[in-house]
Amino acid sequence: MAVTGAIMAVGTVVPPWNLFRLSYLHIFRPLGLLRPNVAEEDPAQHRFALGLGAVVTLAGLAALVLGVPVVGWVLSWAVLILAFINLSVNF
């Protein structure tokens, strides 16, 4: 969770270093595992979602470290489920 939260935080602050975007562009798309869905959108919305995901993921990590595992796992799974929905149905 710490690594995922850090990747999301860095991708929010320095968009060219967004590891998730880079892996999509250089691994998943060339292998044909994911196809592009071209749409004219404001990238600020995606950066906001990435930043919010980083905050929630890191909050979940903090909850786990502080001994509140139910809160930690709920926050972590929420980010995972929302990311999957975004990937699978372009929500």
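This section describes the fold, the packing of helix 1 and selected residue environments in a predicted model.

The chain contains 4 helices and 0 strands, and from the N terminus on the order of elements is α-α-α-α. Along the principal axes, the C-alpha atoms occupy a box of roughly 40 × 25 × 25 Å. Of the 91 residues, 18% count as buried. The exposed area of the chain is about 6,700 Å², of which carbon and sulfur atoms supply 73%. When contacts between residues at least 6 apart in sequence are considered, 53% of them join residues at least 24 apart.

Helix 1 comprises residues 2-13. At 1.5 Å a residue, its 12 residues should span 16 Å, and the computed distance between its end C-alpha atoms is 16 Å, which agrees with that expectation. The buried residues of helix 1 are G5, I7, M8 and G11. Seen down the helix axis, these buried residues fall within an arc of 160°, so they line one face of helix 1. An α-helix has 3.6 residues a turn, and therefore residues three or four places apart point the same way. The cover over the buried residues of helix 1 includes helix 2, helix 3 and helix 4 (69-89). On the face of helix 1 turned away from the buried side, the exposed residues V3 and V13 are found.

Two residues outside helix 1 illustrate buried and exposed environments. T57 lies in helix 3 and has a relative accessible area of 4%. Because this value is under the 20% cut-off, T57 is classed as buried. Leaving aside residues up to four places away in sequence, T57 touches M1, G5, M8 and V79. Of these contacts, G5 and M8 also belong to the buried set of helix 1.

L31, by contrast, is located in the loop between helix 2 (19-28) and helix 3 (43-65). Its relative accessible area is 61%; because the cut-off for exposed residues is over 50%, L31 is classed as exposed. L31 also contributes to a nonpolar surface patch of about 400 Å², which is made together with I27, F28 and L33.

Key:
Residues are numbered from 1 along each chain as its sequence is written. This is a predicted model: local features need pLDDT of at least 70, side-chain atom pairs count only at pLDDT 80 or more; totals for chains, interfaces and linings use all residues. Side-chain values use heavy atoms; hydrogens and water are left out. Patches are made of residues with over 30% relative accessible area and no salt bridge: like charges are joined within 9 Å, nonpolar side chains (Val, Leu, Ile, Met, Phe, Trp, Tyr) within 5 Å. Accessible areas come from the Shrake-Rupley method with a 1.4 Å probe; for residues, only the protein chains shown count as cover. A salt bridge is a side-chain nitrogen of Lys or Arg within 4 Å of a carboxyl oxygen of Asp or Glu. Helices (H or I, at least four residues) and strands (E, at least two) are DSSP runs, numbered from the N terminus. Buried means under 20% relative accessible area, exposed over 50%, partly exposed in between (1.4 Å probe, protein chains only). Contact means heavy atoms within 4.5 Å. The expected span of a helix is 1.5 Å times one less than its number of residues. The arc is that of the directions from the helix axis to the C-beta atoms.
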